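Please find below a colleague's note on helix packing and on one selected residue. The points are numbered for ease of reply.

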Amino acid sequence: MLTDPVTAAAPAPPQGNLWTDLMHGVFPDGMPWWMVAVLGAAVAFAAVMLFVTVIAMFSIWLERKVAGHIQVRLGPMRVGGWHGWAQSVADGVKLLLKEDVVVTGADRLLFKLAPALVLGTALAMFVALPFAPGLQIADVDLGVFFLISISSITTIGVIMAGWGSNNKWSVYGAMREAAQVASYEIPLGLSLMPPVIYYGSLSLRTATDMQAGWLGLHWYVFDPLHFWIAIPSFVLFFVAALAETKRAPFDLAESESELVAGFHTEYSGIRFSFFFLEEYAAMFVMSAVGAALWFGGWNFPGVTQMPEGALRDFLCVVVFTVKSMLLVFVMMWVRWTLPRIRIDQVMTLGYKYLTPLSLILVFAAAVLEYFLALAPSVLP
Amino acid sequence: MMTDLSIPTAPRKRRYWGNVWDAVKSTAIGMGITFKYLWSKSVTVQYPDEKLPTDERYRGIHYLEEDLCICCDACAKACPIDCIEMEATRHGKELEWHKFTLDYQKCMFCELCVYPCPKDCIHMGKEYALVVEDRGQLVMDLLSWKGLTEDQKVRIAEAEAKKAAKAAAQAAAQAAAKGGGAKMDAGGGGGGGGGGDSAAGASDAAETEPTH
Amino acid sequence: MERAAPSPGLLQPGQREIELDVRTQDVEINMGPQHPSTHGVLRVLIRADGEIVTAAQSHLGYLHRCAEKIGENVDWLQYLPYTDRYDYLAAMNNNLGYSLAVEKLLGIEVPPRGQYLRTLIVELNRIASHLIAFGTYGLDIGAFTPFFYAFRERELLLDIFEKICGARLTYSFIRPGGVFNDAPPGWLQHVEDFCRQFEKKWPEYWDLLVENKIFIERTANVGIIPRDLAIAWGCTGPMLRGSGVDWDLRRDQPYLVYDRLEFKVITGVGYRGTVGDCFDRNYVRMLEMVESLKMVRQCLDQMPEGEVSHPDVGLIIRPAPGEAYVGIENPRGELGHYVVSDGSKIARRVRVRAPSFCNLSLVEHIMPGTMLADAVAIIGATDIVIGETDR
């Protein structure tokens, strides 16, 4: 897990690590360039896929437990013994074993391509997430920008699925998704701007490093000069992220009581599970962005101060994942509380409320940053 | 299509910050309620392991007090969907049960079969699980035994013996009165069918008990 | 897909000027009979221009079981279990409607305890039915959790029903001439416990769903039925009262002991929108639960001792030749039973006026012009039970 394939993929790494040393032993003349690329990609893909699968399965189990307990039920209790922890595994196996149905009249190419595209983009988003100082697949300079642009590619997959299914309900779901995501890109991007202005960088790694003060508690939301911008901007980001990930109350794309199952009405088996995995992976990514930009990323008292090494990296991953999962939990909590918004109200909320409010916050953050820059001594 | 149905709505008060505040407040209240229940005890039970008790008056699968039942067909007549079928042969006062079936594919558990019973022998029990592997199994026989029990046989034998003795005594008395010439006649009545008829009871008993 | 000009009947002049320059084909969708929010097997054929419904037509009959015809073939009493099955969420009310009609033919009066017991139990059943209406309405709008809370309280009611009659859904409890059983010992105490418990839970429903901003936005000013229209289409029950018409058979044509109880008839007031919108219909149901609870309390206080059934009515009923109509206030509206007797032990004719059926007839006329999601909200606010519309 602790390998760094991007470093390995670099043509001439300035300093060797375990991976490059090993490869040097196998290929004394240096690996062929294509093998470096392929191997790096394969390792990264395997790691992300494993992580996503585990996270998604856990999230699905958690969702059902949260739903159950909120609704004074128990949720899954049987499979695996303790509180049905293996329910997701059992469901996954069942989905894998089901017949692969492509409905008559479907656009076969789009129908088959859509789940792969959707899951692929979800996996690509993990590339930029800063799990730990030594564990980030790629420290993309434009990290935030990269994430929101990749996440909107999912929409294309959803539209393909909806159109390819040859089902009117699916088309409705796809069109709703297209309209919704297109309009929520704006508030999502704008609400990410206050922290970006604060950090002066789009890189999630830089953002996390800058929150390491105060024994690891100098998170953006706790900053005494910025919290009044940080908290509302986080709320706006969270609402926009709910819409971006098609979660209730913005689950119009698959709104069960209206569109049966929306864009994935006709999907079953493994292809359906791809959509399901994507939903939870996207939730995790959005929560991780929130955790990295507002809640200190991997920083936590005790973890930040540790000497660098594998143990610290491991604890950083734990802290970061726990923070993200807490936000995922809030998403679930919201889902099991609120009714669903109508499509025109989604648009109203996006364009008339979230966009102006986030613009105001961006403006406020910029002004604040400007005056703080004038008086550097005030900076904490 | 009715044109007057696109009714103009009353102008809504467009309160921008009011809407924001309402949304935040009502969401917070709602999430407070759901959060409270997140930690509350569940009201459901794990069904096959744990079962909620059914009440005294619960209308579940019937049970029959077979020794009381007189096969009078009152419950079958009261049934709105004719799902009760019964069949027994009479041996004097004793009944040889062949079947008492209830078709639970039809039964709607209305309890109307219970009220007309003159002997108060059909009841609705507390069992409710009607899971079977085949539809045919839903036609359930309420009888706990079929045919004649040993007790019944003994009782029939006794009744038969009594009857025979009575008949013999009568015959003897008749013979004495007429001065002989009469022959013993116990089996002349003709066999009754499965439905059983009390009029032919005595002769039936004699016929269906070959061992006697 | 060929592009067709929208048929002139569907486009109201000036209704959608913005879209008029782009001629698109309307989509025809079958909402139902297999659909999560058509409350059973209602099928609504919707013609939609994108998200906007331009025409709707409801198709019935998927749950038709010839209940009325069966009434002409079974004994008077044997028809009772069939009445359970048209509005299965309020079976006590159906039993009551039929029983009152037969009693009118027989010309008998049920003893006071029977009357009070009937009133008590139909009001409890009304609460149970409105709980489902509220819960499933939340489900239609997209909120899952209120549904479970509503079912939790309904379960307590079903336990109460089970204790008195042995069944949890299809009770067959109220019979011509009275009720089948008197309350078991301690049963009235159970009802009182329920009242106390329900009082605590009801504000939670209100806060969680009814006062929720999204719920208000989804239901207020949606599917407005003006007063005149509601009367013209023969709407009854919460559907009518939601439009602001002050009409309740319990008060205006009292049966049982309703004239001895104090209660308010709830009408829609446009609490968050316009009078007669979906919100008002739900609002009426929510507040009717409270009124029913009040009535239950009063019944408990006034409950007399004595017989529960008329001694002369046996299992075989032979009313004198004649006909009778009795309408009662079902949770969904006026449930009417018209029965004709020819003096035999089998009814000559049994006819049911089902409130859901009449209320549903209006739905397809208020749908055009609303959005697809509103169609679901409108069907949900009508609170139909398909078992009753189809019978």
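1. In chain C, α4(C) passes α6(C) in a left-handed crossing, the near helix being turned anticlockwise from the far one by less than a right angle. The model is predicted: local features need pLDDT of at least 70, side-chain atom pairs count only at pLDDT 80 or more, and totals for chains, interfaces and linings use all residues. Residues are numbered from 1 along each chain as its sequence is written, chains are lettered from A and ligands numbered from 1 in the order written, and side-chain values use heavy atoms, without hydrogens and water.

2. Helix α4 (residues 112-141) and helix α6 (residues 187-210) of chain C pack at about 25°, with axes 13 Å apart. The pair is therefore roughly parallel (angles under 35 degrees). Among the residues in contact (heavy atoms within 4.5 Å) are Leu124(C) and Phe134(C) of α4(C) and Phe194(C) and Tyr205(C) of α6(C). By class, this contact has 14 nonpolar, 1 polar and no charged residues.

3. Between chains, helix α16 (residues 343-374) of chain A packs on helix α1 (residues 16-38) of chain B at about 95°, with axes 11 Å apart. These two helices are therefore roughly perpendicular (65 to 115 degrees). Lys352(A), Tyr353(A), Pro356(A) and Leu357(A) meet Tyr16(B), Trp17(B), Asn19(B) and Val20(B).

4. Val317(A) lies in helix α15 (residues 310-335) of chain A. Val317(A) is buried, at 17% relative accessible area (buried means under 20%, with a 1.4 Å probe and protein chains only). Leaving aside residues up to four places away in sequence, Val317(A) touches Phe131(A), Ala132(A) and Leu135(A).

Methods: Axes fitted to C-alpha atoms, helices over the stretch in contact; angles between N-to-C directions. Helix = DSSP H or I, 4+ residues; strand = E, 2+ residues; numbered from the N terminus. Parallel < 35°, antiparallel > 145°, perpendicular 65-115°, else oblique. Nonpolar A, V, L, I, M, F, W, Y, C, P; charged D, E, K, R; others polar. Buried < 20%, exposed > 50% of the residue type's maximum accessible area, 1.4 Å probe, protein only.
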